[in-house]
Amino acid sequence: MTISKEITINDQTIIFETGELAKQAHGSILLKMGDTSLLVTAVGSENASNLGFFPLTVEYREKTYAAGKIPGGYIKREARPSEKEVLSARITDRSLRPLFPDGYMNEVQIFIQVLSVDNEYDADVLGLCAASAALAISDIPWAGPIAGLRVGRVDGEFIANPSYDQREESDIDLIIGASADSIMMVEGEALEVSESDMLAALEFGHNVTKEIVKTIEELVELAGKQKREFEAEPMNAELVERVRSEATEKIIEHLKITGKEERKKAFNEFKTEYIASLEEDFPESESTISAIIHDIQKEHTRAMILKESRRLDGRDMDDIRSIECKTGILPRTHGSSLFTRGQTQALGIVTLGTKVDEQRVDALEGEFFKSYMLHYNFPPFCVGEARPLRGVSRREIGHGNLAERALKPIIPSEGLFPYTIRIVSEVLESNGSSSMASVCAGSLALMDAGVPVKAPVAGIAMGLIKDEDDYKILTDILGDEDHLGDMDFKVAGTKDGITAFQMDIKVRGISREIMEVALEKAKIARFAILEVMNTSLPESRETMSKYAPRIVTINIKPDQIGSVIGPGGKVIRDIVDRTGAKIDIEDDGTVKIASTEPQAAKMAVAIIEGLTATPEAGTIYKGKVKKITNFGAFVEILPGKEGLLHISEIDTQRVNKVEDILSVGQEIEVKLMRVDDSGKMNLSRKALLQPES
C-alpha cells in the first residue's frame with residue numbers, strides 16, 4: 001500500500017511516497033516534484049563493524065535516462081560519479097551524520113537515484129529531504145528528521161528552492177540542512193553579501209525547512225517502523241578507571257606542548273609505551289585503550305579552551321596564526337603564489353588558456369562549458385603521512401568546489417578578459433583550513449597572472465567548543481581543534497562582503513546567536529588577512545607573463561564565417577599552420593586569435609581581415625593575376641575575391657595582347673573602379689599610371 005504526504009514550496013508540490021518501491025530496503029522514499037522523481041533508500045547493517053569509525057556511505061547518482069539521454073563516450077552506461085554527484089552526496093552526508101547515536105558502528109548506506117528530471121529545479125536538496133525521510137521511517141537509529149532547502153534572493157526577496165532561471169538572477173545561492181530546532185549544515189556562495197543578509201537568508205530557510213520536517217514527521221506517524229534499540233557497548237569499567245587514573249595527568253602535560261609535531265611525537269610515544277604496559281593485564285584491548293585515551297584528550301582539550309581560554313598552540317580565541325605571502329615564485333607558470341598561515345601552506349598556480357581549453361560538462365540539465373575552474377590537491381605528505389594515491393578524493397572535490405565558488409564572483413567577464421582560467425591549489429602543509437588557504441593563494445595567483453579581478457578574496461575557518469550554554473568560538477582553527485571541536489565554519493569574501501561559506505557541525509544544531517558571533521569574528525579575521533595579502537600584491541599586475549597566450553578578438557559577419565573556415569576547414573587549418581596561432585570562431589562572428597608570439601597573432605588577424613574585407617570602390621589594392629583572357633585579366637585583390645582588369649584598363653598605351661604586359665602570378669597594383677549590383681568588380685591599372693587631373 002502506498003502512503004504519501006505532500007507540501008508546497010515556491011508553488012511546487014513535493015510529494016513523499018513509500019510502500020510501493022524498493023520494499024526490501026529498511027527505508028524507501030519516492031520523492032516527486034513536478035516531473036522530477038528521486039528514489040532514495042536507506043539500509044543499515046544489523047551488526048557493528050570493526051573499522052573504528054561510523055561507516056556511513058551516501059551515494060547520489062543521476063541516471064542519464066532521467067533526462068532522456070544516452071551516456072556519452074565509448075561505454076554506454078553510467079560510470080564513476082561526476083563532480084556534481086559527489087558534491088550532492090556530500091551535502092546529504094554532512095547533514096545526516098551528526099544525528100546518528102554516539103558509538104553507533106553499524107554500516108549505513110543511503111542511495112539517492114535521480115530517475116526523472118524536469119530541468120527546471122536542481123534535485124540535490126530534494127535528495128537530502130528524501131534521504132531524511134527514508135531514514136526517519138526506517139528502523140535505523142537516528143535522531144531526525146531534518147530537511148534540505150536551497151535559498152535564493154532576487155530583487156531583495158528570498159526564494160525557497162529557486163529554479164535554475166531564478167538562480168541566474170539571484171545574489172545568494174544557499175543550501176541548508178536543518179532540523180525543527182536548529183541548522184545542521186550550511187553550503188553556498190554569494191555576490192559579496194553582508195553578514196546580516198546571510199543571517200536573514202539562514203533564518204528564512206530554517207523557517208521553511210521546519211514545515212518540510214513537519215511533513216516528514218507526519219509520514220513517519222503513518223509509515224514509520226519501530227527503531228532498533230541501541231546502546232553503545234560499555235567499556236571495561238576496571239580498564240577505564242585504571243587508564244583515567246594513570247594516564248590523565250600525562251595527557252594533560254602533552255596538551256601543554258604548543259608545537260604540533262612535538263606534541264604529536266611525544267603523545268604517540270607515550271601512548272605506545274602505555275598501551276604496551278597494559279598488554280599483560282588487558283590483552284587484546286589496544287583499540288579500547290586508544291578510545292579511552294582519545295576521550296581523555298578530547299575532554300581536557302575542550303575544558304582547557306572553555307575554562308582557561310587557552311588553545312593548543314597558545315593563542316587567544318581570536319588570534320590568527322602568522323601569515324606569509326609570496327607571488328611570482330614559479331617562473332614559467334602564468335601566475336603563482338605561496339600562502340602560508342601557521343602550519344597550513346597552499347601553492348596557487350594559474351594557467352590561462354583559450355576557448356578550446358574550456359571544460360565541457362555533460363549534465364542532466366544539458367551541456368555547458370566552464371571557462372573558470374579551480375582544482376584542489378591534498379597529497380599525503382602535507383600532513384606527514386605516506387599513503388597510496390588513489391585518484392581524486394571526495395574531500396578534494398568538495399574543498400576545491402568551495403574555493404572555486406569563493407573566487408567566482410571576482411573573475412572578470414569574458415568580454416573583459418576572454419581567457420579560460422584554471423587555478424590549481426597544491427596543499428603543501430595542512431594544520432587546519434587548507435581550503436581557505438587555497439582561496440587566499442588562488443586570489444594572489446590570479447593577480448600575479450595579471451587577471452583583472454574585481455577585488456582580492458580571503459578566507460577563514462571558525463571553530464566552536466560548546467558545553468550546554470557555555471561556548472567559545474575559535475578563529476583560524478587548527479586541525480586538532482576541528483577534530484575535537486563542534487563546528488567547522490568556513491567563510492570567504494572580499495572587503496565588501498561574503499562570496500562563499502560552508503558549515504559542518506558535530507552537535508545537534510547551533511543557535512542564531514552563535515552563528516551571528518561567528519560571522520562577525522570571521523569578518524574581522526578576513527579583513528586582517530586581506531591586509532597582509534595586500535602588502536604582498538595590492539592589485540593585479542598590469543602585464544601578463546610572456547608565456548601566457550595573448551588573445552586578440554575581432555568580429556566578422558556571420559555570413560563570412562564560411563570564408564574563414566573554408567571547405568572542410570581547409571582555410572582555417574592553413575592559417576593555423578602558417579601562423580602557429582590558435583583560432584576560435586563563434587556563431588555570432590566573434591573570432592579569438594591566441595598566441596604567445598605577438599607577431600603570429602598579428603599575421604593571423606591580417607589574413608582573416610583580408611578574407612572578410614569588403615571591397616570598396618576607389619580603393620587601391622595590391623593584387624595577383626590569377627587568369628589571363630583575350631579581353632583582359634582576372635586579378636585577386638582580396639583572398640577569394642577577383643575583379644576584371646579589362647585590356648583597355650591595363651596601360652595608358654594601347655595594349656594589343658594582354659600577355660605583353662601581364663603574366664599569371666604577377667603582383668600588380670590596381671584601383672577598384674566599380675562594384676555592380678551582382679558583386680562583379682571592375683579594376684583599372686591605367687588609373688594609377690596616368691597623372692591625376
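## Where α1 meets α2

K84, S88, I91, T92, S95 and L96 in α1 meet D124, G127, L128, A131, S132 and L135 in α2, where contact means heavy atoms within 4.5 Å. Sorted by class, this contact of α1 with α2 has five nonpolar, five polar and two charged residues. For that sorting, Ala, Val, Leu, Ile, Met, Phe, Trp, Tyr, Cys and Pro count as nonpolar, Asp, Glu, Lys and Arg as charged, and the others, Gly among them, as polar. A quick word on what you're looking at: this is a predicted model, so local features need pLDDT of at least 70 and side-chain atom pairs count only at pLDDT 80 or more, while totals for chains, interfaces and linings use all residues. Residues are numbered from 1 along each chain as its sequence is written, and side-chain values use heavy atoms, with hydrogens and water left out.

Two packed helices are described by the angle between their axes and the distance between the axes. Here, helix α1 (residues 83–96) packs on helix α2 (residues 124–137) at an angle of about 40 degrees, and the axes are 9 Å apart. That makes α1 oblique to α2; angles under 35 degrees count as roughly parallel, over 145 as roughly antiparallel, 65 to 115 as roughly perpendicular and the rest as oblique. The axes are lines fitted to C-alpha atoms, for helices over the stretch in contact, with angles running from 0 to 180 degrees between N-to-C directions. As for the names, helices (H or I, at least four residues) and strands (E, at least two) are DSSP runs, numbered from the N terminus. The crossing of α1 and α2 is right-handed, meaning the near helix is turned clockwise from the far one by less than a right angle (anticlockwise would be left-handed).

## Another pair: α8 and α9

Next up are helix α8 (residues 394–407) and helix α9 (residues 434–448), whose axes come within 9 Å and cross at roughly 45 degrees. That makes α8 oblique to α9. The crossing in which α8 passes α9 is right-handed.

On the α8 side, the residues are R395, H399, L402, A403, A406 and L407, and they meet S434, S435, M436, S438, V439, G442, S443 and L446 in α9. By class, that contact of α8 with α9 has seven nonpolar, six polar and one charged residues.

## The nonpolar core

In soluble globular proteins, nonpolar side chains tend to be buried together. In this model the largest nonpolar core has 128 residues, and F16, F100, I110, I421, L446 and F489 touch the most other members. Such a core is a set of buried Ala, Val, Leu, Ile, Met, Phe, Trp, Tyr and Cys residues joined through side-chain atoms within 4.5 Å. Buried means under 20% relative accessible area, exposed over 50%, and partly exposed in between (1.4 Å probe, protein chains only). Helix α2 gives the most to this core, with eleven residues.

Let's zoom in on I421. Leaving aside neighbours within four places in sequence, I421 is in contact with V350, T351, L352, S371, Y372, M373, I411, L446 and V451.

## Between α2 and β7

The loop between α2 and β7 (147–154) is home to P145. The peptide bond from G144 to P145 is cis, with omega near 10 degrees.

A143 sits in the loop between α2 and β7 too, and counts as partly exposed at 36% relative accessibility. Not counting residues up to four places away in sequence, A143 touches L99 and R508. The C-alpha atoms of A143 and I583 are separated by 58 Å, with the two positions 440 residues apart along the chain.

## Positive phi at two asparagines

N10 has a positive phi of about 50 degrees although it is not a glycine. You'll find N10 in the loop between β1 (3–9) and β2 (12–18), partly exposed with a relative accessible area of 25%.

N161 has a positive phi of about 50 degrees as well, and is not a glycine. N161 lies in the loop between β8 (157–160) and α3 (164–169), and counts as buried at 6% relative accessibility.

## Two more loop residues

Q560 is in the loop between β22 (550–555) and α12 (561–565). Q560 is buried, with a relative accessible area of 14%, and touches T612 and T614, not counting residues up to four places away in sequence.

P639 is in the loop between β26 (632–638) and β27 (641–646), and counts as partly exposed at 33% relative accessibility. Leaving aside neighbours within four places in sequence, P639 is in contact with G610 and L611. The C-alpha atoms of P639 and L611 are separated by 5.0 Å, and these residues are 28 residues apart along the chain.
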